[in-house]
Amino acid sequence: MKMKKTVCLVLLIVSVFLFSEPASAAVSSGTEDYQRCYQEQMRQSGAEDLPDRLPKETQKTLEQLGVSGTDWESITSITPKNYFQKILDIFTGKMKNPLRILASIIAVVLLCALLNGLRLSFGEQALGQVIGMVGALCICTIVVSPLVSCISDSADVLKAASGFLLACVPVLVGIMAAGGQPVSAGSYHLLMLAAGDAVSIFATTVLVPMMDIFLALSVVSAISPGIRLDGLCSVFNKVVKWVMGLVMTLFTGLITMHSVLAASMDTTGVKAVKFVVSSCVPVVGNALSDAMNTVNSCIRTLKSGVGAFGLLAGIFIFLPVLAECLLWLITLTLGSGISRIFELDGITSLLKASADVVSTLLAILLCCMMVLIISTVLMLMLGGAA
């Protein structure tokens, strides 16, 4: 009896070791198969090439954040500290030129205030208009050239964002179609290509000429009291903001409606395919259904990674020029407030008009960025469980 118990115990121990090895190998093999499937899908979808379509500055920023590609592992490695530190670095890097311009504006304002004081001392009334005109012209030489450069940079950013969007859309569409979302893929492809083309055309043919003309009218209105164009500039500012807000609302509503309807149709189609495979294919139906689930899981992971990379890239494409515009808006507003203290109406009007130009430009950039980001977020959220 003791011999039998000993043999049984030995057999039990040996069997544990024998059968535990294959189980570990199976888990390892399953993980390797998943990774191999994921890497193959990334290569075939073209997701590996997306970082090369970004501007050099954005590529450098993402590399500093630790994002080397579109795989989800590098994206999830970003910590909140690094993320907000990079945003702070972008703002501090763009702060040097506005601070220099603000110092120059303050110097001109103080000089004009000093000359006004001398004018009152000597009783020369006609000298006041000359001082105001010369001061406004000095402010023009200080602020107009940087603002024109900012407008040009904004157009370049919109074109870069449009180019990246047009490169990213086919990749996401292929992934969505392979993951059982053909209706959502077709809707997303149509709407986002239209949005990308519209943004590109708007940046090249409308934004730069329109904002340059707006800036010119604002300057003329400020330095020429006889030509009252401030009302026209104010109307233009309000109309542009209202139109951009309306376009963003209508486009977001349209893509939301398409996304909801397409997601429901895709979900019904995927469930029908899984039911047919599992019930109508003899013997291996359940195995094929499990294989489909594995492939779809890889595709969803890939779609999430590509979508997250696109959102992150979109933010850091727009962020430098948004930071520049915001700093310019603060600079011009502060300069306008300081000149108002010394009752320099010409300089105050000029700086306020320039601030309105930057405010309009900032509204355009924010609307374009939000349309692209909200559209991608909707496509990632809806149908994610397909």
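Which helix does Thr 360 lie in? Thr 360 lies in helix α10, and the legends below describe this residue and its surroundings in a predicted model.

**Figure 1. Overview of the chain in the predicted model.** The chain has 386 residues, of which 42% are buried. Its secondary structure consists of ten helices and zero strands, so that the order along the sequence reads α-α-α-α-α-α-α-α-α-α. Of the contacts in the chain with a separation of 6 or more, 80% are between residues 24 or more positions apart. The accessible surface is about 20,100 Å², and carbon and sulfur atoms account for 70% of that area.

**Figure 2. Close-up of Thr 360 in helix α10.** Thr 360 counts as buried because its relative accessibility is 0%, under the 20% cut-off. When neighbours within four places in sequence are set aside, Thr 360 is in contact with Met 211, Phe 214, Asn 237, Val 240 and Lys 241.

**Figure 3. Close-up of the second largest pocket, with a volume of about 230 Å³.** Three helices each supply at least two residues of the lining of this pocket: α7 (182–223), α8 (230–280) and α10 (345–381). The lining includes Ala 195, Ala 198, Val 199 and Phe 202. Met 244, Val 247, Met 248 and Phe 251 are also among the lining residues, as are Cys 367, Cys 368, Val 371 and Leu 372. By residue class, the lining of the second largest pocket holds twelve nonpolar residues, no polar ones and no charged ones.

**Figure 4. Close-up of the largest cavity, with a volume of about 180 Å³.** The structure holds two cavities of 30 Å³ or more. The lining of the largest cavity is made of 17 residues. Among these, Phe 164, Leu 165, Gly 310, Gly 314 and Leu 372 lie nearest the centre of the cavity. Helices α6 (127–178), α9 (285–341) and α10 each supply at least two residues of the lining. The largest share, seven residues, comes from α9. The lining of the largest cavity divides into 13 nonpolar residues, four polar and no charged.

**Figure 5. Close-up of Leu 372, a lining residue of the second largest pocket and of the largest cavity.** In the cavity, Leu 372 is one of the residues that lie nearest the centre. In the pocket, Leu 372 lines the space together with residues including Val 371 and Cys 368. Helix α10 supplies at least two lining residues to the pocket and at least two to the cavity. Neither the pocket lining nor the cavity lining holds a charged residue.

Conventions. Residues numbered from 1 in each chain as written. Predicted model: local features only at pLDDT ≥ 70, side-chain atom pairs only at ≥ 80, totals over all residues. Heavy atoms only, no water. 1 Å grid on protein atoms, 1.4 Å probe; cavity = no way out; pocket = protein on both sides within 12 Å on 5 of 7 lines; lining within 4 Å. Points joined across faces, edges and corners; volume = space filled by probe spheres on them. Helix = DSSP H or I, 4+ residues; strand = E, 2+ residues; numbered from the N terminus. Nonpolar A, V, L, I, M, F, W, Y, C, P; charged D, E, K, R; others polar. Buried < 20%, exposed > 50% of the residue type's maximum accessible area, 1.4 Å probe, protein only. Contact = heavy atoms within 4.5 Å. Areas by Shrake-Rupley, 256 points an atom, 1.4 Å probe, with all protein chains shown as cover.
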